[in-house]
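Here are some friendly notes to read alongside the coordinates. I have kept them as numbered points so that you can check each one as you go.

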Amino acid sequence: MLAGAVIVAAPAGAPAVAQDETGFQAYLDTLGRQALAQGVTRRTVDAVIPTLTLNPRVIELDRQQPETRPNAPIPAFEPYRRQHLSAALIAQGRAAYQRERPSLAAIERETGVPESIMVAIWGHETSYGKVMGGFDLPRALATLAYEGRRRDLFSMEFIATLKMIDRGVPRERLVGSWAGAFGGPQFLPSVYLRLARDGDGDGRVDIWNSEADTLASIANYFTNAGWRAGQPWGFAVSVPADLNRAAIASRTSSPRCPRVHDRHSRWKTMAEWRALGIVPLRRAWPGDNVQATLLEPDGPGKTAYLLTGNYRVILDYNCSNFYALSVGLLADEVEN
């Protein structure tokens, strides 16, 4: 019976795949018309659309993402911290920080974004340019748009890749992650069009090969998202055992990734936190009027963090507390 089941199952999958491919090719006609309506040239549409086929692996990876399980328990931060702040990543970050100081210093003077934050984002996203993905971006994005779970997002990003080609980006350079991010900063195509910058002055925006362009583009993203020069992202603190957590609980809910923001306390000034018995572990207090929220990622009795508005800028880059904390902590290590 098992052998018979295998014989029956094998051909059953083939028509399903063929049906998906047929549906995908029909959907590409829709995408092509949308691209033309948004100003993409006929030449680019005709050069790209006929080359595309469905990528089932991309759909498989998308369906494994955490956001498909919104009610799953939140794990502890400490194992994530150990994995994502490895000695190797820190050492490589310090080397990159020293190697790129001329570019970094000039970008920080212009934008106010700290050199170490730029390096930490670069390190977390691509291990300082070493791991940038090998998926064909137009194929991956068209597949995700066809799959339909986030069709509006991915159809827009697919059209943005065509606009990149119209701007002169070579078709063969459009390679990145399965979800459409690419280059040193792992920008989506629409973000590249808006915020990528020429950091080395050669007249091109090459976030695949130019470290200066990568760092300038990251800083421009942070400036656009509201980074405040002169303020830390946050810092580790100890919390008194008798802190009344109910009294500092947030009364608002964020419209964007609420599960991330709901873990934060309400905003208070540094002077107010100090009066509640909060003590910095490894740095001095910022100015008394700087606002911050409290996050205890592993619960009471473990390391907690006071987080400023600049932490929210890191969340804008990737809306995950674990990601944002790891970026801030790597930045601290890189500049030491």
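1. How many Å apart are the mean positions of the positive and negative charges of the protein chain? The answer is 4 Å, for 37 positive and 35 negative charges. Please keep in mind throughout that this is a predicted model.

2. A few overall values may help you get your bearings. The protein chain holds 15 helices and seven strands, and its C-alpha trace spans about 65 × 60 × 35 Å along the principal axes. Of its 336 residues, 45% count as buried. The chain exposes about 16,400 Å², with carbon and sulfur atoms supplying 53% of that area.

3. On contacts: take those between residues at least 6 apart in sequence, and 70% of them join residues at least 24 apart.

4. Next, the sheet. Five strands make up an open sheet with antiparallel pairing, in the order 4-6-7-3-5. Strand 4 (268–269) and strand 5 (279–280) are the edge strands, each pairing on one side only. Should you want to trace the pairing from the strand 4 edge, strand 4 and strand 6 are joined by two bridges in the antiparallel sense. There, K268 has A292 of strand 6 as its bridge partner.

5. Moving on to strand 7, which covers residues 304–307, you will find strand 6 (residues 291–295) running antiparallel to it, with three bridges between the two. One residue pair to look up is T293, whose bridge partner in strand 7 is L307. Strand 3 also runs antiparallel to strand 7, and four bridges join them. Here A236 has Y305 of strand 7 as its bridge partner.

6. Are the side chains of strand 7 buried or exposed? A304 and L306 lie on one side, Y305 and L307 on the other, and all four residues are buried, so both faces of the strand are covered. In general, side chains of a regular strand alternate between the two faces of the sheet.

7. The disulfide deserves a look of its own. The count comes to one disulfide, and it joins C257 to C319 with an S to S distance of 1.8 Å. The pair links distant parts of the chain, 62 residues apart. C257 sits in the loop between strand 3 (234–238) and helix 12 (258–261), while C319 sits in the loop between helix 14 (309–317) and helix 15 (321–334).

8. Why is this disulfide called right-handed? The torsion about the S-S bond of C257 and C319 is about 70 degrees, and therefore the disulfide is right-handed. As for its surroundings, C257 is partly exposed, with a relative accessible area of 22%.

9. If you check backbone torsions, please visit Y128. This residue has a positive phi of about 60 degrees although it is not a glycine. Y128 is placed in the loop between helix 7 (115–126) and strand 1 (135–136). Its relative accessibility is 6%, so Y128 counts as buried.

10. Q186 belongs on the list for that check too. Its phi is positive, at about 55 degrees, although Q186 is not a glycine. The loop that holds Q186 runs between strand 2 (175–176) and helix 10 (189–195). With a relative accessible area of 15%, Q186 is buried.

Note on methods
Residues are numbered from 1 along each chain as its sequence is written. This is a predicted model: local features need pLDDT of at least 70, side-chain atom pairs count only at pLDDT 80 or more; totals for chains, interfaces and linings use all residues. Side-chain values use heavy atoms; hydrogens and water are left out. A disulfide is a pair of cysteine sulfur atoms within 2.5 Å. Buried means under 20% relative accessible area, exposed over 50%, partly exposed in between (1.4 Å probe, protein chains only). Contact means heavy atoms within 4.5 Å. Accessible areas come from the Shrake-Rupley method with a 1.4 Å probe; for residues, only the protein chains shown count as cover. Lys and Arg count as positive and Asp and Glu as negative; His and the chain ends are not counted. The place of a charge is taken as NZ of Lys, CZ of Arg, CG of Asp or CD of Glu. Two strands pair if DSSP finds at least two bridges between them.
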